[in-house]
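Me: Could you take me through one part of this structure in detail? I'd like the cut-offs along the way, since I'll want to reproduce them.

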Amino acid sequence: MSGWDEGAVYYSDQAQFPHGGGADQEQAASRHTVLRKFKEFIRNFARQNEPNVFPYRESLIQNPKFLLVNLSDLLTYDKDQDLRDLLRKNPSDYLPLFETAAAEVNANLKSRVAGETGEMEEPQTGEVQILLKSEEDPVSMRSLGAQYISKLVKISGITIAASRTKAKATYVHLVCKNCKNMKVVPCRPGLGGAIVPRSCDHVAQMGETPCPIDPWIVVPDRSKYVDQQTLKLQENPEDVPTGELPRNMLLSVDRHLVQTIVPGTRLTIMGIYSIFQAAKSSTNHRGAVAVRQPYIRVVGIEETNEATRGPANFTTEEIEEFKKFASEGNVYANICSKIAPSIFGHDNVKKAVACLLFGGSRKSLPDGVKLRGDINVLLLGDPSTAKSQFLKFVEKTAPIAVYTSGKGSSAAGLTASVIRDNSTREFYLEGGAMVLADGGVVCIDEFDKMRPEDRVAIHEAMEQQTISIAKAGITTVLNSRTSVLAAANPPSGRYDDLKTAQDNIDLQTTILSRFDLIFIVKDVRMYSQDKIIATHIIKVHASANANNDPRDPKEDNWLKKYIQYARTTSQPRLSDSAATLLQANYVKIRQEMRQQANESGESTAVPITVRQLEAIVRLSESLAKMRLSNVANENDVKEAITLFNNSTMDAAKSGVNQHINLTPEMANEIKQAESQIKRRMGIGSHLSERRLIDDLTRMGLNESTVRRALIIMHQRDEVEYKRERRVIVRKA
């Protein structure tokens, strides 16, 4: 009997754990030790560099509702890896223990308060929610399989949908309908339900009717609830293998994590991989009892937005290398040489794409107005001038990018759509391309082939950088802070120098003014240039899989990282001298445009508005950002104005201006041609353009004169083109 007299405390846990063999008692004891360890950890953990600061105790005092615990701290505190591995292997058992421990520590940290009677009472403490985070790399959503069930996993992705908040019972209050006996049944966390016993445990006395089978009625008012919400997480677009559909995963969040996430946010989550029985499973699973749907019960969320995805991921060597690169003199030229190296020429387009990738700086004004910092570029021109190649390059290089084609995109697919959930029959939002690319670039190919009503949907996203939705009882505003890089062909397929700029750029002024830079890319036929291009292309094809392959991915990756670093660290502003220079230039450009409009009697195809002034400001800022500088100086402004003149100003002045150098004889000839056209075509009649021109040239008129006359009549709305400008219809 030795050992009874060593003043120890003996305890028994009959109520908490079922009676059983030795194993259960061992388990009870081990649970108790784990609980004690968790409490010690919260009370006593201190980091090595600050031995007298207890971070978890402090955060509990400041915010007693939840506690954010880093798993690496558990490891440093408990060297034999006990606590962390227990949490890893069966989190659903030990997380509630951890929460109990936190609640107990929280109660001990509070001082007693005076009750209603004046006596000192223990303070009321609520539950504490434990949120976990860890430094390890997330696993891929595709690799989650049966071996991960009820283990702790970490995955990253982008939320595409969020349901409404529901109340989930934690304890269900039951009443027996026969003997009014009460019972409280705990509910499984996550998407699981409560297990209601079949029979009442009341023993019937003599003369009483025994309780029937299934006597319990749920009393909803007395049950305890927590908030719960389901999210849908989709793989990051850059992680999806080529040609596969992105997978998505159901997430269930509760208590303080509810309503912290909006669709379109990029997340990294820690959670317990669990299974649930789908309510309305498909018909082929109706017979299979043991087939369950997987979902993840979230126990920790980190938002990976622009700011957090930045400096944390760069090593000090990389940052040194970036700063060294930025301090060299010719940063701008170096970056432009790294943009789409396989494309020959097009230097201005490359400069514009570089500016687009770096972007200007977003500004929030005191009255709540936000000014966009993203640069939008439109490439318009002949086929086979490497427009789509630029788009593909940007999609690979930009940290976040979505590539869509004009014909296959609808307004809902670009902005956001409202979808009805199959099981709950309620509506939820699913973000489209512009929302998913928040903080990145949207590449839209075949921009001119989009339906006009779909193109209008992009207007708001391009200037205000939000998408407002009012459909199916959902009214909301989503963020879409994206740059747009669009490629388009002129309406006739090729860029036609005989037509005016309006006819070549067949887009509305409203959308054109939202593009900061508009490039007209022509396929110029010049012997010397054709020869150089042919040599370049043949060289690219010949040396495609040669030995210089290993260097390329690193280069690509380097540029991507540098762009990411520049976007997170520097937010440049204009210097005073640069601002005055810019002001003078803008006024001058507007004056030239007014003069041109007065001479020609009509406005230019590309409007020059205040938006274009803001465009030059953004370009200057992005040039400063390439040098990792925080001030945009005069040189940046000059380079930005040069770029602007080479793109948008050229586009505004391009094409034939029919009022230039019209001699009286030519004007007379054009009038003659007009009268012949009217004589040849009655009002409302159709005729192919080719045939009309052939007929009139047989009568002795010059072909270019006839074309000029047609252009002028089209501007006066006397004739109309149909079927891709092949057929002419005369209007009243």
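Which residues do ring pairs link into a cluster?

Reply: Sure. This is a predicted model, where local features need pLDDT of at least 70 and side-chain atom pairs count only at pLDDT 80 or more, while totals for chains, interfaces and linings use all residues. Residues are numbered from 1 along each chain as its sequence is written, and side-chain values use heavy atoms, with hydrogens and water left out.

The cluster is made of F38, F41, F45, Y56 and F98, linked by ring pairs. Here rings of Phe, Tyr and Trp (its six-membered ring) pair if their centres lie within 6.5 Å; planes under 30 degrees apart are called stacked, over 60 edge-to-face, and the rest tilted. Searching the whole structure turns up 10 aromatic pairs.

Take F38 and F98. Their ring centres are 4.1 Å apart and the planes meet at 10°, so this pair counts as stacked. F38 belongs to helix α1 (residues 22-44) and F98 to helix α5 (residues 91-109), so the pair ties together parts 60 residues apart in sequence. Helices (H or I, at least four residues) and strands (E, at least two) are DSSP runs numbered from the N terminus. F38 is buried, at 0% relative accessible area, and F98 is buried at 0% too. Buried means under 20% relative accessible area, exposed over 50%, and partly exposed in between, using a 1.4 Å probe and protein chains only.

Next, F41 and Y56. Here the centres are 5.2 Å apart and the planes are at 45°, so the pair is tilted. F41 is also in α1, with Y56 in helix α2 (residues 55-62), so this pair ties together parts 15 residues apart in sequence. Both of these residues, F41 and Y56, are buried.

For context, here is how side chains pack elsewhere. The largest nonpolar core has 56 residues, and I335, I339, V377, V394, L517, F519 and Y562 have the most contacts inside it. Helix α8 (residues 347-358) gives the most to this core, with 8 residues. A nonpolar core is a set of buried Ala, Val, Leu, Ile, Met, Phe, Trp, Tyr and Cys residues joined through side-chain atoms within 4.5 Å. Skipping neighbours within four places in sequence, F519 is in contact (heavy atoms within 4.5 Å) with N348, V349, A352, V377, L378, L379, L380 and S647. Another core lies apart from the largest one, with 32 residues, including L378, A437, M462 and I467.

V394 also turns up in helix α9 (residues 387-397), where the buried residues are K387, F390, L391, F393, V394 and T397. Looking down the α9 axis, these fall within an arc of 160°, so they line one face of the helix; the arc is that of the directions from the helix axis to the C-beta atoms.

One more ring to look at: the charged end of K392 sits over the ring of Y403, 3.8 Å from its centre. The criterion there is NZ of Lys or CZ of Arg within 6 Å of the ring centre and within 35 degrees of the ring normal.
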